[in-house]
Structures are given as structure tokens and as C-alpha cells.
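Let's work through a protein model together and ask, at each step, how a label was earned. Have the picture open while you read.

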Amino acid sequence: MTEKATQRSYGLSADLDNRKFAAVYLSRFEALYQASITWRRPEGNERAKYVALARHLGRNVLAVGQYEQDHCLVLDSDWSGFPDPAEFLFLADPDITSFFLTAKKPKPTGFQAVGFFEDWPTANWGRNPTLIEMTEITD
């Protein structure tokens with residue numbers, strides 16, 4: 001990558017991890033990170049569809065959302081922070097089947113936006129669905 005993909009810092013671990021991705025994926029991630037997206041926890045059968053992807057990436061599916069034509073996922077990591085990977089991984093693609101791994105398609109393909117980040121952007125995305133769920137349980 002010859003050009004710097006973004007000027008914004010997403011956290012030390014995230015910035016180091018994001019260097020692996022082409023600028024085109026990071027610029028789309030940057031735009032979606034600043035967009036207003038309503039997130040929710042995946043439920044039932046929907047959650048099961050993402051299990052293979054989450055296992056392949058070594059993460060857990062935290063939230064699903066949609067922005068215009070893009071289906072969006074945020075995955076979180078059990079271990080995060082330098083030198084470990086960033087806490088969150090963002091993926092987006094207009095074709096939702098890009099997220100479903102099968103024996104015929106053992107690796108994820110075709111994502112239009114990919115990026116790691118450390119801090120949930122509450123101003124644009126509202127509260128982290130995990131925190132909302134925890135609040136509802138304790139209230």
C-alpha cells in the first residue's frame with residue numbers, strides 16, 4: 001500500500017492491524033464508521049449463520065446492522081489491546097451471503113469494507129449492543 005488509507009486513529013492495535021488492508025477497504029470502513037447505523041444483537045438462526053465466519057476469524061459476532069445496501073457486522077475479540085489484535089472488527093458487503101461460510105466457500109470473500117477499531121462510536125452508532133443487553137439484564 002503506497003498511500004496512507006486514513007488519517008484517523010482507531011487505536012494503536014487497530015492502526016497496526018489496519019495496515020494489512022488495501023486503502024479501498026479502509027476508506028469505505030471510514031465512511032461507514034462515521035455513518036448513522038443502528039446495531040442489534042443477532043438472534044436465533046441468524047446468529048447460527050455467522051458462527052463459521054466468527055470461528056474462522058477467531059472472534060464473536062457482536063452486532064449486525066444495515067446501512068443503505070450494505071449489510072454490516074461487528075465482531076469482537078476475547079483478547080484485545082497491544083500487542084493483541086484490536087477489540088472490534090468491522091465488515092460490510094452488499095451481498096449478505098459473503099458472511100456465510102460453507103464447505104463450498106471455506107473463506108470469506110468479497111467484503112467491500114473492512115477495518116479494526118478500539119472504541120465504539122456512540123455518537124454515530126448509539127450504544128454498544130452488548131452494553132444495552134447488560135443494562136437490560138441488570139435493570
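Q: What makes β4 a strand with two covered faces?
A: This is a predicted model, and in it F88, F90 and A92 point one way from β4 while L89, L91 and D93 point the other way, and all are buried. In a regular strand the side chains alternate between the two faces of the sheet. Counted together, six of the six residues of β4 are buried, so the label "mostly covered" suits this strand.

Q: How do you know that β4 pairs with β3 and with β5?
A: Two strands need at least two bridges between them to count as paired. Six bridges join β3 to β4, and these strands run antiparallel. β4 and β5 also pair in the antiparallel sense, over five bridges. Both counts meet the cut-off, so both pairings hold.

Q: Which residues are bridge partners of F90?
A: On the β3 side, V74 has F90 as its bridge partner in β4. In β5, the partner of F90 is G115. One place further along, L91 stands opposite V114 in β5.

Q: What makes β5 "mostly covered"?
A: Strand β5 covers residues 113-117, and five of its five residues are buried. A113, G115 and F117 lie on one side and V114 and F116 on the other, so both faces are covered.

Q: Which residues is F90 in contact with, leaving aside its neighbours within four places in sequence?
A: The list includes F29, L32, W39, V74, G115, F117 and W125. F90 is also among the residues with the most contacts inside the largest nonpolar core, along with W39, V74, F117, W120 and W125. That core has 37 residues. α2, α3, β2, β3, β4 and β5 each supply at least two of its residues, and the largest share, five residues, comes from β4.

Q: Why is the contact between Y10 and Y33 called an edge-to-face aromatic pair?
A: Ring centres must lie within 6.5 Å to make a pair, and planes over 60 degrees apart count as edge-to-face. For Y10 and Y33 the centres are 4.9 Å apart and the planes meet at 85°, so both parts of the name fit. Y10 lies in the segment before α1 and Y33 in helix α2, so the pair ties together parts that are 23 residues apart in sequence. The count for the model comes to 20 aromatic pairs. Y10 and Y33 also belong to one aromatic cluster with F29, W39, F88, F90, F117, W120 and W125.

Q: How do you know whether Y10 and Y33 are buried or exposed?
A: Buried means under 20% relative accessible area. Y10 has 4%, so Y10 is buried. Y33 has 6%, so Y33 is buried too.

Q: What makes R8 "partly exposed", while S77 counts as buried?
A: The relative accessibility of R8 is 38%, and partly exposed runs between 20% and 50%, so R8 gets that label. S77 has 15%, which is under 20%, so S77 counts as buried. R8 lies in the segment before α1, and S77 in the loop between β3 and β4. Not counting residues up to four places away in sequence, R8 touches D15, E30, Y33 and Q34. With the same kind of neighbours left aside, S77 is in contact with R59, A86 and E87.

Q: How do you know that the span of α3 agrees with its number of residues?
A: Helix α3 has 14 residues (44-57), and at 1.5 Å a residue these should span 20 Å. The end C-alpha atoms are 20 Å apart, so the two values agree. Even so, α3 bends by about 35° at V51. Just after the helix, G58 takes a positive phi of about 70°.

Q: Which residues of α3 are buried, and what do the buried residues pack against?
A: Y50, L53 and A54 are buried in α3. The buried residues of this helix pack against β2, β3 and β4.

Notes:
Residues are numbered from 1 along each chain as its sequence is written. This is a predicted model: local features need pLDDT of at least 70, side-chain atom pairs count only at pLDDT 80 or more; totals for chains, interfaces and linings use all residues. Side-chain values use heavy atoms; hydrogens and water are left out. Rings of Phe, Tyr and Trp (its six-membered ring) pair if their centres lie within 6.5 Å; planes under 30 degrees apart count as stacked, over 60 as edge-to-face and the rest as tilted. Helices (H or I, at least four residues) and strands (E, at least two) are DSSP runs, numbered from the N terminus. Buried means under 20% relative accessible area, exposed over 50%, partly exposed in between (1.4 Å probe, protein chains only). The expected span of a helix is 1.5 Å times one less than its number of residues. The bend at a residue is the angle between axes fitted to the seven residues ending there and the seven starting there. Contact means heavy atoms within 4.5 Å. A nonpolar core is a set of buried Ala, Val, Leu, Ile, Met, Phe, Trp, Tyr and Cys residues joined through side-chain atoms within 4.5 Å.
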